Amino acid sequence: MACDEEINKLKEQVTCALCGQLFKDPVTMGCGHTCCKDCLAKLVISKDGKVSCPTCSSECSPVDIVDNELAAKLVETLRKILELRPEEGDYCQQHNLPYTVFCLDDMKLMCDKMTKDHPDCRTLPIKEAAERFKEKLQQALESLEAQAKENVGRDEQMNLIDLKNQGDKVRDKIEKAFNALKKYLEQEESAILQQVEMQEEGFLQQLEESSTGTGGNPVTIDHLISDIKKTLPKEDIPLLKNIGSIFDRNGALVRKPKELPMDLSQGGFNVPLQYAVWKRMLKHVDTVPTLVTLDPLTANAHLILSQDGTEVRVGEKQDDIPDNPERFSRWLSVLGSEGFSKGKHAWEVEVGDSILWQVGVAKGSVPRKRGFAPFHWQESRKFFTPEPQAGVWAMALQDSDYTALTSPPIELQLKGKLRKMGVYLDYEAGQVSFYNAEDVSHLYTFKDKFSEAIFPYFYIAHKGDTLKLTPLGL
């Protein structure tokens with residue numbers, strides 16, 4: 001801007017040619033050029049007692065050197081202007097304009113010119129954006145401090161003991177399951193126990209690397225707490241300028257604390273063990289441990305259920321269906337007819353060639369009348385996002401990617417196409433596990449604490465696709 005140019009010109013005029021700094025006790029020589037008094041005293045004096053001007057090389061007699069009070073006042077005035085002038089960080093360096101909004105898509109501050117160049121970006125006024133992220137910073141700080149408090153007093157030895165106890169429990173569970181299958185299953189038992197040993201050894205190795213410091217420099221909870229505490233007190237613009245290094249566009253922490261996988265029960269053994277073995281041995285099973293059917297009272301008006309309640313597909317909206325309180329009105333979902341408040345339950349869903357679906361469980365109080373959230377704001381009450389915070393624990397297929405619907409979602413690397421999947425709910429353990437029903441291989445496990453009835457949950461949005469509940473047994 002023009003004002004900045006004039007300030008820079010003034011700054012050049014009151015800068016000493018010898019030290020490159022603003023004049024300090026400026027003096028003017030006979031030739032008319034000015035410099036600092038201390039800088040002039042360091043110049044070499046010739047035999048005839050004169051000094052050469054550092055600007056024009058003219059020789060000046062000491063009697064011609066006088067204090068320059070005007071230059072001293074100009075320097076004092078310039079210093080006051082620079083103190084009142086906004087910091088360079090408050091301006092867009094590209095367009096030399098002040099920041100006016102914060103972009104939620106690119107997680108950065110924008111000036112008016114940038115806003116016009118990106119008309120489709122979601123933006124907020126700086127004050128509002130700063131308040132939102134201050135709240136999220138506070139929430140993240142409280143969560144991290146709670147985690148840090150839980151870790152107080154725990155050392156590597158305690159972790160080793162805890163891991164050993166978990167390993168013992170998993171081995172005991174496996175041994176009991178295989179004892180029921182008698183001698184001809186000894187080979188299967190040995191193979192699975194070997195997998196447990198390998199996984200346990202891998203966890204032990206990670207603990208050893210963590211304790212000896214050979215695992216690199218992972219981000220710790222203390223690091224994140226320190227960064228957030230440094231960021232929270234800042235003014236709006238400095239706070240937002242680097243907020244992208246803490247949160248991503250979905251409001252999740254960019255850097256995650258290093259967490260070692262200490263829970264063996266969440267691994268590939270958290271499926272019905274006897275059923276897993278029988279599934280690999282037999283092509284057909286007849287008994288059904290958990291008979292799941294779909295509840296028509298909860299189905300979105302665009303969803304069409306089969307007469308026996310075991311299949312759902314997308315169709316045209318059915319205008320004769322009442323919008324009762326139980327029904328999903330803005331989300332193409334349906335719940336199972338029966339909820340579970342205790343015990344272990346398993347069921348399988350044939351997803352076939354469907355290209356857009358979600359399968360899992362949901363609590364009975366899951367929102368039914370809210371629309372889809374375009375981005376994750378925990379404080380938003382207007383939208384519904386299928387994730388544990390909203391009472392949904394599910395897997396999904398979207399854009400050819402399989403994901404666990406955590407916050408943010410975790411992409412799962414599956415081998416081949418998933419055509420039939422299993423859901424295994426252990427209510428008391430607070431675990432929901434997903435497995436490939438073809439070979440009963442583990443896909444993902446959620447771990448939480450349930451306080452109300454949990455229902456089978458289904459979502460399907462592409463016309464022509466279907467989800468079908470299939471019988472299974474042990």
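How many residues lie between E17 and E18 in their hairpin, and which residue in the turn has a positive phi? Let's start there, hello everyone. E17 and E18 form a hairpin with 2 residues between them, and Asp399 in the turn is the one with a positive phi, about 55 degrees. Before I go on, please keep in mind that this is a predicted model.

Let's stay with that hairpin for a moment. Strand E17 covers residues 392–398, strand E18 covers residues 401–404, and 4 bridges join them in an antiparallel arrangement. If you would like to find the pairing on screen, look for Gln398, which stands opposite Asp401 in E18. Then look for Met395, which stands opposite Ala404 in E18.

Now, is E17 mostly covered or mostly open? Mostly covered: 6 of its 7 residues are buried. E17 also pairs with strand E14, residues 357–363, through 6 bridges, and these two strands run antiparallel as well. In that pairing, Gln358 stands opposite Ala396 in E17.

So what sheet do these strands belong to? They sit in an open sheet of 6 strands, in the order E12-E23-E14-E17-E18-E19, with antiparallel pairing. E12 and strand E19, residues 410–412, are at the edges; each has a single partner strand, so one side of each has no neighbour in the sheet. From one strand to the next, the twist averages 25 degrees. Here is a handy thing to remember when you look at strands: in a regular strand, the side chains alternate between the two faces of the sheet.

Let's visit one residue at the edge of this sheet. Ser333 lies in strand E12, residues 333–335. Is Ser333 buried or exposed? Ser333 counts as buried, because its relative accessibility is 0%. Setting aside neighbours within four places in sequence, Ser333 is in contact with several residues, including Thr298, Asn300, Phe328 and Tyr457.

Next stop, another group of strands. Strand E7, residues 97–103, is joined to strand E8, residues 108–111, by 4 bridges, and the two run antiparallel. Their hairpin has 4 residues between the strands, and Met107 there takes a positive phi near 55 degrees. E7 also pairs with strand E9, residues 123–125, through 3 bridges, again antiparallel. Cys103 is a nice residue to follow here: its bridge partner in E8 is Lys108, and Cys103 also stands opposite Thr123 in E9.

E7 brings us to the aromatic rings. How many aromatic pairs does the structure hold? There are 10 aromatic pairs. Take Phe102 and Phe133: their ring centres are 5.5 Å apart and their planes meet at 75 degrees, so the pair is edge-to-face. This pair links distant parts of the chain, with Phe102 in strand E7 and Phe133 in helix H5, residues 126–151, and their positions 31 residues apart. Phe102 is buried, because its relative accessible area is 0%, and Phe133 is buried too, at 1%. Another edge-to-face pair is Tyr444 and Phe446, with 5.0 Å from centre to centre and 75 degrees between the planes. Tyr444 counts as buried at 18% relative accessibility, where the cut-off is under 20%. Phe446 counts as buried at 4%. Ring pairs also link Phe102, Phe133 and Phe247 into a cluster.

Now for a helix. In helix H8, residues 221–231, the buried residues are Ile221, Leu224, Ile225, Ile228 and Thr231. Why do they lie on the same side of H8? Because they cover an arc of only 130 degrees around the axis. The face of H8 turned away from its buried side carries the exposed residues Asp222 and Lys230.

Last topic: cysteines. A disulfide is a covalent bond between the sulfur atoms of two cysteines. How many disulfides does a search of the whole structure find? The search finds 0. Cys16, for example, is in no disulfide, and its nearest cysteine sulfur, that of Cys36, is 3.9 Å away. Cys31 is in no disulfide either; the nearest cysteine sulfur there belongs to Cys53, 3.4 Å away. For a disulfide, the two sulfur atoms would have to be within 2.5 Å. Cys16 counts as buried at 2% relative accessibility, whereas Cys31 counts as partly exposed at 28%.

That's my tour, and thank you for listening!

Terms used. Residues numbered from 1 in each chain as written. Predicted model: local features only at pLDDT ≥ 70, side-chain atom pairs only at ≥ 80, totals over all residues. Heavy atoms only, no water. Buried < 20%, exposed > 50% of the residue type's maximum accessible area, 1.4 Å probe, protein only. Pairing = 2+ DSSP bridges. Contact = heavy atoms within 4.5 Å. Arc of directions from axis to C-beta. Axes fitted to C-alpha atoms, helices over the stretch in contact; angles between N-to-C directions. Phe/Tyr/Trp six-rings, centres within 6.5 Å; stacked < 30°, edge-to-face > 60°.
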